[in-house]
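Please read the points below with the sequence and the model open side by side. They are meant for a colleague who comes to this structure without earlier acquaintance.

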Amino acid sequence: MEKMERIHPNRQVIPFLFMLVLVQVCSEPTTRYSILEETESGSFVAHLAKDLGLRSGDLTARSARVVSDDYKQRLLLDPETGDLLLREKLDREELCASVDPCVLHFQVSLEKPVQYFQGEILIQDINDHSPEFPDKEMLLKIPENSQPGTRFSLKLAQDLDVGSNGLQQYIVNPKSHFHVLTRNNSKGKKYPELVQDRALDREEQAELSLTLTALDGGSPPRSGTAMVRILILDINDNAPKFVNTPYEVQVLESSLPGSPVLTVLAQDADAGNFGRVSYGLFQASDEIQQTFSINEVTGEIRLKKQLDFEKIKSYHLEIEATDGGGLSGKGEVVIEVVDVNDNAPELTISSLTSSVPENAPETIISIFRVGDRDSGENGKVVCSIPENLPFILKSTFKNFYTLVTESPLDRESRGEYNITITVTDMGTPRLTTQHTITVQVSDVNDNAPAFTQTSYTLFVQENNSPALHIGTISATDSDSGSNAHITYSLLPTHDPQLALDSLISINADNGQLFALRALDYEVLQTFEFHVGATDQGSPALSSQALVRVLVLDANDNDPFVLYPLQNASAPCTELLPRAAEPGYLVTKVVAVDRDSGQNAWLSFQLIKATEPGLFSVWAHNGEVRTSRLLSEREAPKHRLLLLVKDNGDPPRSASVTLHVLLVDGFSQPYLPLPEVARDPAQDEDLLTLYLVIALASVSSIFLLSVLLFVGVRLCRKARAASLGGCSVPEGHFPGHLVDVSGTGTLSQSYQYEVCLTGDSGTGEFNFLKPMVPNLLLQETGREIRENPHCRDSFVFS
């Protein structure tokens, strides 16, 4: 029990006891409390959590809410302490009027699981209203022949308080002719009845004025006064009488103000003024006086304002018929209000969740209550939502419904739902209330980034500038926010020989790929690597794609002549027998180009010759052949200048110089010729000398040839075992064997061995011999003999 003071705005009162009593009724699930009216908002009502057997934290965890039956939020639940508090001051007279006891019903709803508890608060009355008479002055007409002991009913005073604080008694002053009695009417209302104590004499005193005081039972008591004027009349011995009493009538609540209700009729047996009847409402409450009016002459009762079945279902009127002599008769009228479907259903949201994570199981979106103030079929309601939504309604308790998800939601399919809850009553015509709830589906990182292509092929021209943008990869993510923010990266490669970090870089934000250094087609034609796309969700999801980079060739290498070797200290001379037929193969220029495609397509051209028209060069294979028969007058030595050109844009080229020596046969010794012009006579003398020396040396040469043959055979066996018997200077060729597989000037695959010795001063080719002699013999149709004067050797194919 707690105490609380209340101060009336107009007068001082002593402090009242503020009582808070918790009543547990074991046989009913309803919890009852008691509180004084006019208690300040925020005041403590009860330890609700304790009364319900819950911990304070359970109220927050289970989303506890308090809902009143009158659709107004008059109570407040503190989720931290579990206390039930007042949200506003409670005025018992406003809530319950004259109904006693005044009970405020409420429900407590809990979630997870959903539970409901019913509660009641008894609002106790305090003496905050004084008795008030409807009129400050009452006129009472009494015939002079009225006998002592006659009683006259007066208009009662209204006191909005109830119980002991309500109206208790009446007193009158002065008391020379009358005293007053306090009586109860049929409704239990106390009204004053004036009792005549002695006979009246109109000739002695025609009018009396009395002060009527109404007292309530408060402490201290409150009072109200009215003046009673008594007019003493001549004799009238017949009071009016109603023809029918009680009157009963039904009125639709939709009737407009001014509509007639019924007409009452009273008759008086007296004649003249004493027989003329006037009608009025007797001891009518403020509500009745505000709702109905009666014609004093005709007795017709009309509406003054709109009726509301939901507030008042019936009215009981007392009609007073008074004649001209002051006598009156009483009649009763019972008016039944007929309900019409004039109230649309009401929907009250108790809890609402506006955002739901996608992929979540069954989730409570909202808990709400529906109702209709009408009665009967007009008050029955049906609740529904559209069928094409992944939500369902569940009826939980009385008129409470729960809106839940029917299945997990997918934000990528639909990110927002507008759910229209429709509540329809069963009246005629049917009334409908709609409420729309917007539910946002929050994103969950359930989609990995997806590349626009499973693999990308990028083309880069060799000799590119560093930091060149070579292409862009792109990925998309169906999620939103940080879950859709993608970061790109290079994934580690499994090729240990590929230094990817030194070749490629990627922009982590937009997926742009850059070549970090210049690429060389001749070193690296193509390479592959994987790129990854990772979002910023938790946990992060990723995907990868293959990127293939193709290096495009540029014409950046000159043709390289393999034969005849151009870097020797002295040229190697080709031998041509004078008896050679036209088309005789003198030699074949062998060249390669490190480029590819048409950049490596080589063509040969004879630019300059000692004897124009004697030799020709095949443009596609580099074969140098005779164009005609040789005469005896031909110069013994010829110099040819050839151009080797590729098919690039622009083309690149290299020049080749050939020396051809005319001989009568391959047994003729090789005689080097000086580069300067000589006198023809001197040339003939030298030639004679050479011939003599050659003839003298035949025997020696034969012996040496036998020894050389044996040595060559041994050398070939050694080279076959070790893949090389002659050393090749580093820097001229990549290795011992140079593969010319159709990209150079050879129409077939050959393997040649060219030996270069370091002790000769001429540096010329002395012989050209295939390691597979049959192939070369098939092509040339002749035998190439070894020349012991050749001093350098290398192998190419």
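**Notes on the predicted model**

1. Cys102 has a relative accessible area of 1% and is therefore buried, since the cut-off for that class is under 20%. The reader should keep in mind from the start that this is a predicted model, and that the remarks on Cys102 and on every other residue below describe that prediction.

2. Cys102 is one half of a disulfide, its partner being Cys96, and the two sulfur atoms lie 1.9 Å apart. The angle about the S-S bond is 65°, and the link between Cys96 and Cys102 is right-handed. Cys96 has a relative accessible area of 13% and so is buried as well, falling under the 20% cut-off. A search of the whole structure finds 1 disulfide. Another cysteine, Cys383, has a relative accessibility of 14% and therefore counts as buried.

3. Which residues have the most contacts inside the largest nonpolar core? They are Phe451, Ile473, Leu513, Phe529 and Val547, in a core that has 26 residues. Several elements each supply at least two residues of this core, namely the strands β34 (455-461), β37 (486-490), β38 (504-506), β39 (512-515), β40 (526-535) and β41 (542-552), together with the helix α5 (500-503).

4. Leu513 gives a useful view of this core from the inside, if residues up to four places away in sequence are not counted. On that basis Leu513 touches, among others, Ile473, Phe529 and Val547, and its contacts also include Leu458, Leu468, Leu490, Ile504 and Ile506. The list of residues touched by Leu513 further includes His469, Gly471 and Ser505.

5. A second core, separate from the one just described, has 25 residues, and Tyr247, Ala266, Tyr279 and Phe292 are among them.

6. On the surface, Val706, Phe709, Val710 and Leu714 form a nonpolar patch, and together they have about 390 Å² of accessible area. Val706 is placed in helix α7, which covers residues 698-722. Val706 counts as partly exposed because its relative accessibility is 40%, a value between the 20% and 50% cut-offs.

7. Turning to charged side chains, a search of the whole structure finds 23 salt bridges. One of them joins Lys155 to Asp135, with the closest N and O atoms 2.8 Å apart. This pair links distant parts of the chain, 20 residues apart, for Lys155 is in the loop between β10 (151-153) and β11 (167-173), while Asp135 is in the loop between β8 (115-124) and β9 (137-143). Lys155 has a relative accessibility of 32% and so counts as partly exposed, and Asp135, with a relative accessible area of 30%, is partly exposed too.

8. Are the side chains of the salt bridge between Glu623 and Arg625 buried or exposed? Glu623 is buried, and so is Arg625, and their side chains meet at 2.8 Å, N to O.

9. Arg628 forms a salt bridge with Glu634, and here the closest N and O atoms are 2.8 Å apart. The two partners fall into separate classes: Arg628 counts as partly exposed because its relative accessibility is 29%, whereas Glu634 counts as buried because its relative accessibility is 9%.

10. Finally, salt bridges also occur as a network in this model, in which Glu137, Glu207 and Arg229 are linked.

Key:
Residues are numbered from 1 along each chain as its sequence is written. This is a predicted model: local features need pLDDT of at least 70, side-chain atom pairs count only at pLDDT 80 or more; totals for chains, interfaces and linings use all residues. Side-chain values use heavy atoms; hydrogens and water are left out. A nonpolar core is a set of buried Ala, Val, Leu, Ile, Met, Phe, Trp, Tyr and Cys residues joined through side-chain atoms within 4.5 Å. Buried means under 20% relative accessible area, exposed over 50%, partly exposed in between (1.4 Å probe, protein chains only). Helices (H or I, at least four residues) and strands (E, at least two) are DSSP runs, numbered from the N terminus. Contact means heavy atoms within 4.5 Å. Patches are made of residues with over 30% relative accessible area and no salt bridge: like charges are joined within 9 Å, nonpolar side chains (Val, Leu, Ile, Met, Phe, Trp, Tyr) within 5 Å. Accessible areas come from the Shrake-Rupley method with a 1.4 Å probe; for residues, only the protein chains shown count as cover. A salt bridge is a side-chain nitrogen of Lys or Arg within 4 Å of a carboxyl oxygen of Asp or Glu. A disulfide is a pair of cysteine sulfur atoms within 2.5 Å.
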